[in-house]
Amino acid sequence: MSTNSFIIDGKTPINGEWVGADSGVTFPVYNPANGEVLGQVPDQREAETNRAIDAAAAAFEEWQWSPVKTRHDILRKWFSLMTEHAEELARLITLENGKPLADARGEQTYSASFIEWFAAEAMRAYGDHIPATIDGVRNVTIKQPIGVVGIITPWNFPSAMITRKVAAALAAGCTCVIKAPSETPFSALALAKLAEEAGVPKGVINVITTGSSSTVGKILATHPIIKKISFTGSTGVGKVLASQCSSTLKKMSLELGGNAPFIVFDDADIDAAVAGAVICKFRSSGQTCVCANRLFVQSKVYDEFAKKLTEAVSKFKVGNGLEQGITHGPLVNAKAAAKVDEHVQDALAKGAKTLIGGKRGEGAFYEPTVLINIADDAVVMKEETFGPLAPIIKFETEEEVIKKANDTEFGLAGYFFSRDIGRVWRMAEALQVGMVGANTGLISQTSCPFGGVKESGWGKEGSKYGLDDYMVLKYVCMGGINSRR
Ligand code: NAP
């Protein structure tokens with residue numbers, strides 16, 4: 001039995017109290033590496049969600065007017081507590097998500113960095129002075145918190161997806177209700193516990209766990225008190241929430257699915273491109289939203305790239321992420337492994353060839369896989385696999401690959417490798433995505449704006465732009481000021 005002091009059984013924080021479900025019903029959380037039950041969380045529904053919204057609304061009355069220095073200091077304390085407990089929190093991520101401990105440590109650091117970042121950004125929510133175009137007035141803008149925020153996050157970054165939103169919300173002066181992901185709720189609860197210790201007042205952060213995300217999601221999206229929904233997850237659920245939010249015209253941030261192209265040109269440094277593909281395609285076993293989904297390689301270097309990538313993949317050590325030397329863990333559950341297999345079988349049926357992998361392991365495991373000769377109508381060309389499958393597609397010209405790369409409704413991230421500076425600029429401008437990696441497979445940084453275009457969503461998280469998503473810009477025109485003319 002795995003133990004972790006942050007596994008908080010059967011309770012979530014609502015209005016500063018740690019409570020279960022009104023019904024007393026709980027549901028289990030599993031370790032995807034071995035199917036072991038890690039603990040139970042409450043199955044909370046309408047009544048608990050409404051109480052959490054009321055608590056957040058009451059807390060907003062105070063928190064929105066708190067001096068930014070107070071918010072800064074509390075967030076800094078929260079950051080320090082996360083750093084102090086870094087190892088235990090990283091192990092918790094591995095236990096509930098399955099990613100190897102080294103990746104979980106990376107997520108823990110990344111997650112804490114959003115709290116550190118937004119603590120500082122709280123102090124910089126500047127407005128403007130705008131020169132008057134009419135006599136006797138002065139114009140300024142001020143930024144104010146939007147209100148109570150509903151936050152819904154996925155399991156693939158159990159900790160960082162929460163802090164990227166909550167730290168910005170709290171820094172802005174908002175309060176929130178978090179609907180935690182069912183597969184990985186303990187990281188959210190651990191964060192809430194540390195926030196409480198750091199001095200975040202009661203009701204500012206409320207967490208709901210539920211066996212019916214559609215019920216809780218609908219309440220958050222339609223409730224008049226909630227002024228904004230911040231959602232990270234699939235495009236399908238994002239569209240449902242967007243239509244529900246239209247009833248009260250709520251502001252939304254949507255960080256949705258991707259189908260990232262990863263392009264290698266003849267003039268690229270092939271070893272660097274292979275290293276980039278390893279991190280970009282296979283990190284967290286291919287379960288990051290910015291993962292390469294389609295690997296396009298120019299014909300002259302196609303064979304060399306495929307061979308070198310296959311060699312690199314053959315060195316992976318797949319297993320329980322808590323064990324020494326494991327580089328790649330299981331997928332989040334057996335259903336996710338079955339989806340990867342569907343994409344592989346579909347590509348094979350349409351003429352693809354397996355260079356390595358291609359088989360399911362026990363439970364949630366899937367072998368890291370490289371396929372070549374991918375047909376244009378293979379499912380993997382259109383759909384996000386969200387697993388350890390690298391399909392390599394041959395192309396001839398820059399024009400051709402731009403067209404193919406953009407031939408998707410998604411637009412989150414895109415990557416390419418080339419040593420021609422003109423091509424680097426052309427490609428960065430031509431890819432219809434929100435984030436570009438030029439000669440790198442790793443782009444996420446707290447200080448840079450994260451977000452997509454097209455059906456990958458709206459809004460930016462992190463960076464100097466992230467706070468604005470939780471604020472409203474108010475224009476104040478002050479009249480009655482005598483002119484000196
Ligand atoms: P998902 O099914 O959309 O779930 C995400 C969250 O939404 C979970 O908390 C889930 O709750 C909840 N949810 C599910 N159905 C809902 C509904 N009808 N109403 C309200 N909430 C609902 O996505 P996933 O499969 O877990 O996550 C993978 C997806 O997230 C991928 O497409 C990936 O690309 C995307 N993603 C995007 C980003 C980004 O920043 N763009 C980052 C990470 C992941 P339960 O857990 O209870 O089901």
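This passage describes the ligand site of a predicted model and the annotated domain of its chain.

The UniProt record, in an unreviewed entry, lists residues 18-476 under "domain: Aldehyde dehydrogenase". Over this stretch the chain is 39% helix and 21% strand. The C-alpha atoms at the two ends of the stretch are 42 Å apart.

The ligand takes up the space of the largest pocket. A shell of 28 residues surrounds the ligand, and those that come nearest are T153, W155, S182, S234 and E384. By residue class, the shell consists of 13 nonpolar, 11 polar and 4 charged residues.

Several elements of secondary structure contribute to this shell. At least two residues each are supplied by the helices α5 (160-172), α7 (213-222) and α8 (235-245) and by the strand β10 (226-232). The helix α7 gives the most, with 3 residues.

Polar contacts with the ligand involve both backbone and side-chain atoms of the protein. At T153, a polar backbone atom is 2.7 Å from an oxygen atom of the ligand. At S234, one of the residues that come nearest to the ligand, a polar side-chain atom lies 2.6 Å from a ligand oxygen atom. The contact at S213 involves a nitrogen atom of the ligand, which is 3.5 Å from a polar side-chain atom of that residue. On its own, the ligand has 910 Å² of accessible area, of which the protein covers 86%.

Key
Residues are numbered from 1 along each chain as its sequence is written. This is a predicted model: local features need pLDDT of at least 70, side-chain atom pairs count only at pLDDT 80 or more; totals for chains, interfaces and linings use all residues. Side-chain values use heavy atoms; hydrogens and water are left out. A residue is near a molecule or strand if one of its heavy atoms lies within 4 Å of it. A polar contact is a pair of N or O atoms within 3.5 Å; within protein, one must be able to donate a hydrogen and the other to accept it, and residues adjacent in sequence count only if both atoms are side-chain atoms. Accessible areas come from the Shrake-Rupley method with a 1.4 Å probe; for residues, only the protein chains shown count as cover. On a 1 Å grid over the protein atoms alone, a cavity is a set of points where a 1.4 Å probe fits but cannot get out, and a pocket is an open set with protein on both sides within 12 Å along at least five of seven lines; lining residues have an atom within 4 Å of a point. A molecule sits in a cavity or pocket if more than half of its atoms lie within 2 Å of its grid points. Helices (H or I, at least four residues) and strands (E, at least two) are DSSP runs, numbered from the N terminus. Ala, Val, Leu, Ile, Met, Phe, Trp, Tyr, Cys and Pro count as nonpolar, Asp, Glu, Lys and Arg as charged, and the others, Gly among them, as polar. UniProt positions are given in the numbering used here, feature names are shortened, and annotations may be inferred rather than shown by experiment.
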